[in-house]
Amino acid sequence: MSSTTSTLRLAVQVRYSAAASSSDAGAVGAPSDPEAVLIVDETGDLKKGRHTVGVQRQYSGTAGKIENCQLAVHLVYATTAAHSMRDTALYLPRSWCDDTERRTEAGIPDHVRFATKPQLAARMIEAAVTAGMPCR
């Protein structure tokens, strides 16, 4: 296995670890402003090839058009004084979810299922609020 494949496998395993996901909600300082807001944003990372987890031709706001890219959904905690990234979820397109061989090669666990970007955002918001992150 190449080091790139090992790194991708680790990134996927960490991202899809329920324990890592729930503990990340308070990792960068303790949020304490009840007037803070949670901001959701999607970011595209343009890619060549097809081996990076989640890459396919899809619309990327970064490029402003359909490109070969990987997409992620981010949750940011923002106050009037500062902001910090609180969570990130890799968007795994249906084509990846339905391709058993590709999933196995990338180390994507069997329990990971297709979720739309709004569904990923809702999960992150719910986890943050359930963990007690103060916000409006």
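Student: What does the accessible surface of the chain come to, and how much of it belongs to carbon and sulfur atoms?

Tutor: This is a predicted model, so keep in mind that every value is computed from it. The accessible surface is about 8000 Å². Carbon and sulfur atoms contribute 55% of that.

Student: How many helices and strands are there in the chain?

Tutor: Count 5 helices and 4 strands. Then read their order along the sequence. The pattern is α-α-β-β-β-β-α-α-α.

Student: What share of the residues is buried?

Tutor: The chain has 136 residues, and 34% of them are buried. A residue counts as buried when its relative accessible area is under 20%. I108 is a case: its relative accessibility is 5%, so it is buried.

Student: Where is the place of I108?

Tutor: I108 sits in the loop between α4 (100-106) and α5. Compare its position with W96. The two are 12 residues apart in sequence, and their C-alpha atoms are 9.5 Å apart in space.

Student: What part of the contacts comes from residues 24 or more positions apart?

Tutor: Take the contacts with a separation of 6 or more. Residues 24 or more positions apart account for 60% of them.

Student: How many salt bridges does the structure hold?

Tutor: Start with the idea. Side chains of opposite charge can pair when their charged atoms come close. The structure holds 4 salt bridges. We will look at some of them.

Student: Which residue forms a salt bridge with E35?

Tutor: The partner of E35 is R136. Their closest N and O atoms are 3.5 Å apart. This pair links distant parts of the chain, with the two positions 101 residues apart. E35 is in the loop between α2 (18-23) and β1 (37-46). R136 is in the segment after α5 (117-130). Both E35 and R136 are exposed.

Student: What does the salt bridge of E42 and K117 tie together?

Tutor: First the distance: the side chains of E42 and K117 meet at 3.4 Å, N to O. E42 lies in strand β1 and K117 in helix α5, so the pair ties together parts 75 residues apart in sequence. E42 is partly exposed, at 32% relative accessible area. K117 is partly exposed too, at 24%.

Student: How far apart are the closest N and O atoms of E67 and K65?

Tutor: They are 3.3 Å apart, and the pair forms a salt bridge. E67 has 23% relative accessibility, so it counts as partly exposed. K65 has 46%, so it also counts as partly exposed.

Student: How many disulfides does a search of the whole structure find?

Tutor: Again, the idea comes before the case. A disulfide is a covalent bond between the sulfur atoms of two cysteines. The search finds 0 here. You can still read the surroundings of individual cysteines. C97 counts as buried, at 13% relative accessibility. C135 is partly exposed, at 23%.

Student: Which residues form a nonpolar patch on the surface?

Tutor: Look for V40, I125 and V129. Together they have about 210 Å² of accessible area. Now take one of them, I125. Its place is in helix α5.

Student: What is the relative accessible area of I125?

Tutor: The value is 32%, so I125 is partly exposed. A residue needs over 30% to join a patch. I125 passes that cut-off, at 32%. Set it beside I108, which is buried at 5%.

Methods. Residues are numbered from 1 along each chain as its sequence is written. This is a predicted model: local features need pLDDT of at least 70, side-chain atom pairs count only at pLDDT 80 or more; totals for chains, interfaces and linings use all residues. Side-chain values use heavy atoms; hydrogens and water are left out. Buried means under 20% relative accessible area, exposed over 50%, partly exposed in between (1.4 Å probe, protein chains only). Contact means heavy atoms within 4.5 Å. Accessible areas come from the Shrake-Rupley method with a 1.4 Å probe; for residues, only the protein chains shown count as cover. A disulfide is a pair of cysteine sulfur atoms within 2.5 Å. Patches are made of residues with over 30% relative accessible area and no salt bridge: like charges are joined within 9 Å, nonpolar side chains (Val, Leu, Ile, Met, Phe, Trp, Tyr) within 5 Å.
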